[in-house]
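I opened my notebook to look up where this structure leaves space, what surrounds its ligand and how its aromatic rings pair. Come along and read over my shoulder.

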Amino acid sequence: MSLLVVGSVAFDAIETPFGKVDRTLGGAASYFALAASHFVPVRMVAIVGQDFTDEHRAVFKGRKIDLTGLETAAGRSFFWSGRYSQNMNERTTLATELNVFADFKPALPPGYLDSQHIFLGNIDPGLQRSVLHQVNGRPRIVGLDTMNYWIEGSNEQLRETLKYVDILTINDDETRQLTGEHNLLRASRHVLELGPKILIVKRGEHGALMVHPKFIFSVPAFPLEEVHDPTGAGDTFAGGFMGFLAKAGNMSEQNLRRAMVYGSVLASFTVEQFGVERLAKVTRREINDRAHRFAKLTTFKL
Ligand code: AMP
């Protein structure tokens, strides 16, 4: 019942109105794995350089995260740097140094080939598909994340990969860009014609919207008094969501709705501190407590 994730493991330099950090552990697969590991064991497929030390590995080893698929190559790890605006709604990318990530060809260790739950993090859509080709048989649940770079530059490859995807997690601009449709709901319906059975539109401080052929479900972002760094919120959401679903074992409407809440709850921890600092320490008890408060926040009678 484990969950395989492929994606970036990085060092991030982040600047927000609350401070800055230099070369902190980041990358989409890092946030995803830390969040998902609260529900199921996680198998990670990623690449790092020789600057990635045992101390960095230890962040994952404290949790149920299998690092057999974390390749170490000669050179430096992927480095990303970004700065947030005063209201933290806008982010400027200052640097993207691919380093060892430039030659990343995901190779699944033999022990991962029976994976049934898979999350294809934001990498080249052709490589995302190559992961699906490697596993034995047809996986039960496949999730995928992507970004404007691939929507623009590798549109055909992405469309081919989307045919094999159950759940697509992208933001509102990406949803519009992928379909050429401005209205978000119409754009979402259009996405469901490209292959995914379910679309999750990540909307930052406005939460997330799930569009399923039979229903729509919306969750807010958990209201917080302290938000210090939004980096990785979307990847954390995806980790909480997919982790819950992998544990539940099926995509019933109730499970999908609950998974949305756990995604939002996990993301709320990530944004409280810089990088993975808060997420790496959160306990199952704190998650459950916030999930109960989330239920109270959104329940009402008509
Ligand atoms: P998010 O805030 O959800 O967009 O995720 C931020 C994380 O994505 C950071 O930790 C970065 O290291 C990582 N990241 C940034 N750009 C890329 C990219 N082009 N490909 C893969 N991961 C990236």
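**Entry: the second largest pocket.** I started with the residues that line the second largest pocket, and I found F217, Q254, R257, R258, V261, Y262, A291, H292, F294, A295, T298 and T299. I should say straight away that this is a predicted model. I looked up the volume next, and the second largest pocket holds about 270 Å³ of space. Which helices each supply at least two residues of this lining? I noted helix 9 (253-270) and helix 10 (284-298). Sorted by class, the lining of this pocket has 6 nonpolar, 4 polar and 2 charged residues.

**Entry: the ligand.** I turned to the ligand and found 16 residues around it, with D12, G27, R91, G232 and D235 coming nearest. Then I looked up some polar contacts. R91 has a polar side-chain atom 2.9 Å from an oxygen atom of the ligand. G232 uses its backbone instead: an N or O atom there lies 2.8 Å from a ligand oxygen atom. For S8, I noted an N or O atom of the side chain at 2.9 Å from a nitrogen atom of the ligand. How much of the ligand's accessible area does the protein cover? On its own the ligand has 510 Å², and the protein covers 83% of that. Strand 2 (10-16), strand 7 (78-84) and helix 8 are the elements that give two or more residues to the shell around the ligand. By class, I wrote down 6 nonpolar, 7 polar and 3 charged residues for this shell.

**Entry: the cavity.** I looked for enclosed space too, and the count came to 1 cavity of 30 Å³ or more. The largest cavity holds about 50 Å³ of space. Its lining has 13 residues, and A28, F119, G121, D145 and D235 lie nearest the centre. I had already met D235 among the residues that come nearest the ligand. Which elements give two or more residues to the cavity lining? They are strand 1 (3-6), helix 1 (28-36) and helix 8 (233-248). Helix 8 is also on my list for the ligand shell. The classes in the cavity lining are 7 nonpolar, 3 polar and 3 charged.

**Entry: aromatic rings.** My last search, over the whole structure, found 10 aromatic pairs. I picked out F78 and F101, whose ring centres are 4.9 Å apart with the planes at 35°, so I entered the pair as tilted. F78 belongs to strand 7, while F101 sits in the loop between strand 8 (91-97) and strand 9 (117-120), so this pair ties together parts that are 23 residues apart in sequence. Strand 7 had come up earlier, as one of the elements in the ligand shell.

Technical notes: Residues numbered from 1 in each chain as written. Predicted model: local features only at pLDDT ≥ 70, side-chain atom pairs only at ≥ 80, totals over all residues. Heavy atoms only, no water. 1 Å grid on protein atoms, 1.4 Å probe; cavity = no way out; pocket = protein on both sides within 12 Å on 5 of 7 lines; lining within 4 Å. Points joined across faces, edges and corners; volume = space filled by probe spheres on them. Helix = DSSP H or I, 4+ residues; strand = E, 2+ residues; numbered from the N terminus. Nonpolar A, V, L, I, M, F, W, Y, C, P; charged D, E, K, R; others polar. Near = heavy atom within 4 Å. Polar contact = N/O pair within 3.5 Å; in protein donor to acceptor, adjacent residues only side chain to side chain. Areas by Shrake-Rupley, 256 points an atom, 1.4 Å probe, with all protein chains shown as cover. Phe/Tyr/Trp six-rings, centres within 6.5 Å; stacked < 30°, edge-to-face > 60°.
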